[in-house]
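The report that follows should be read alongside the sequence and the coordinates. It begins with a single point of strand pairing and then widens to the surrounding elements.

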Amino acid sequence: MNGLAAATRVFLSYATEDEEYAARFRQLISEERTGLTFDDCAVRNGFSENWRVSAREKIAACDVVVCLVGEETYCSGPIGWEIEAAITLGKPVFAFSLVPWPVVIPEALRNHGLEMHRLDLMDVIEWADVVR
């Protein structure tokens with residue numbers, strides 16, 4: 001995971017229904033590692049015609065792409081597209097599970113032999129809420 005440790009700009013790829021977990025991921029990681037910035041192309045009000053152009057620009061500007069994989073991520077076309085764009089741009093891609101295992105791994109991750117890292121973020125978030 002050396003690419004993640006050396007990163008300063010991280011593009012987060014996640015399903016809209018996992019937006020709360022992505023926000024908490026940012027918060028937890030930024031508390032651990034100062035200087036790390038995050039970007040994404042979360043779709044909050046429907047897809048625009050320029051969505052892919054904007055996503056590609058943001059991915060190109062990042063050092064690494066992190067895919068947060070929830071229960072329905074495997075069927076998200078935009079996440080698959082973001083992963084493919086990252087690979088095409090030569091960006092390191094790391095995938096973390098938001099849900100307990102087994103998790104359905106998105107096809108784009110499987111196709112490129114990318115490793116899924118076990119991270120039950122829900123447990124981490126619950127723990128973080130208790131200790132604050």
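Which residue in E5 is the bridge partner of alanine 95? In this predicted model, the bridge partner of alanine 95 in E5 is methionine 116, and this position belongs to a parallel pairing in which E4 and strand E5, residues 116-117, are joined over 2 bridges.

## Overall architecture

The protein contains 6 helices and 5 strands, and when it is read along the sequence these elements follow the pattern α-β-α-β-α-β-α-β-α-β-α. Of the 132 residues in the protein, 41% are buried. Among the contacts with a separation of 6 or more, 72% are accounted for by residues 24 or more positions apart.

## Strand E4 and its surroundings

Strand E4 covers residues 93-97, and 5 of its 5 residues are buried, so the strand is largely enclosed by the rest of the structure. The cover extends to both faces, since Val93, Ala95 and Ser97 on one side are buried, as are Phe94 and Phe96 on the other.

Besides its pairing with E5, E4 pairs with strand E3, residues 64-69, in the parallel sense over 5 bridges. Within this pairing, the bridge partner of valine 66 is phenylalanine 94 of E4, while leucine 68 stands opposite phenylalanine 96.

## Strand E3 and its link to E1

E3 resembles the description given for E4 in that 6 of its 6 residues are buried, so E3 too is largely enclosed by the rest of the structure. Val64, Val66 and Leu68 point one way from the strand, Val65, Cys67 and Val69 point the other way, and all of these residues are buried.

E3 also pairs with E1, in the parallel sense and over 4 bridges. In this pairing valine 10 stands opposite valine 64 of E3.

## Helix H4 and the crossover

The connection from E3 to E4 involves helix H4, residues 77-88, and the three elements together make a right-handed β-α-β unit. H4 has 12 residues and reaches 16 Å from its first C-alpha to its last, which is close to the 16 Å expected at 1.5 Å a residue. At the N-terminal end of the helix, serine 76 acts as a cap, with a side-chain oxygen lying 3.3 Å from the backbone nitrogen of isoleucine 79. After the helix comes glycine 90, whose phi is positive, near 75 degrees.

The buried residues of H4 are Ile79, Gly80, Glu82, Ile83, Ala85 and Ala86. An α-helix has 3.6 residues a turn, so residues three or four places apart point the same way. The buried residues of H4 pack against strand E1 (9-13), helix H3 (51-61), E3, E4 and helix H5 (107-111).

## Aromatic pairs

How many aromatic pairs does the count come to? The count comes to 2 aromatic pairs. Phenylalanine 25 and phenylalanine 96 form one of them, a tilted pair with 6.1 Å centre to centre and 45 degrees between the planes. This pair links distant parts of the chain, with phenylalanine 25 in helix H2 (residues 19-32) and phenylalanine 96 in strand E4, 71 residues apart. Both phenylalanine 25 and phenylalanine 96 are buried.

Tryptophan 51 and tryptophan 81 also form a tilted aromatic pair, with 5.2 Å centre to centre and 55 degrees between the planes. Here again distant parts of the chain are linked, as tryptophan 51 lies in helix H3 and tryptophan 81 in helix H4, 30 residues apart. Tryptophan 51 counts as buried, because its relative accessibility of 8% falls under the 20% cut-off. Tryptophan 81, by contrast, is partly exposed, with a relative accessible area of 23%.

## The loop after E5

Arginine 118 lies in the loop between E5 and helix H6 (121-131). Is arginine 118 buried or exposed? With a relative accessible area of 64%, arginine 118 is exposed, because the cut-off for that class is over 50%. Arginine 118 and valine 99 are separated by 19 residues in sequence and by 8.8 Å in space, taken from C-alpha to C-alpha.

Definitions and conventions: Residues are numbered from 1 along each chain as its sequence is written. This is a predicted model: local features need pLDDT of at least 70, side-chain atom pairs count only at pLDDT 80 or more; totals for chains, interfaces and linings use all residues. Side-chain values use heavy atoms; hydrogens and water are left out. Buried means under 20% relative accessible area, exposed over 50%, partly exposed in between (1.4 Å probe, protein chains only). Two strands pair if DSSP finds at least two bridges between them. A crossover is right-handed if, with the strands pointing away from the viewer, the path from the first strand over the helix to the second runs clockwise. The expected span of a helix is 1.5 Å times one less than its number of residues. Contact means heavy atoms within 4.5 Å. A polar contact is a pair of N or O atoms within 3.5 Å; within protein, one must be able to donate a hydrogen and the other to accept it, and residues adjacent in sequence count only if both atoms are side-chain atoms. Rings of Phe, Tyr and Trp (its six-membered ring) pair if their centres lie within 6.5 Å; planes under 30 degrees apart count as stacked, over 60 as edge-to-face and the rest as tilted.
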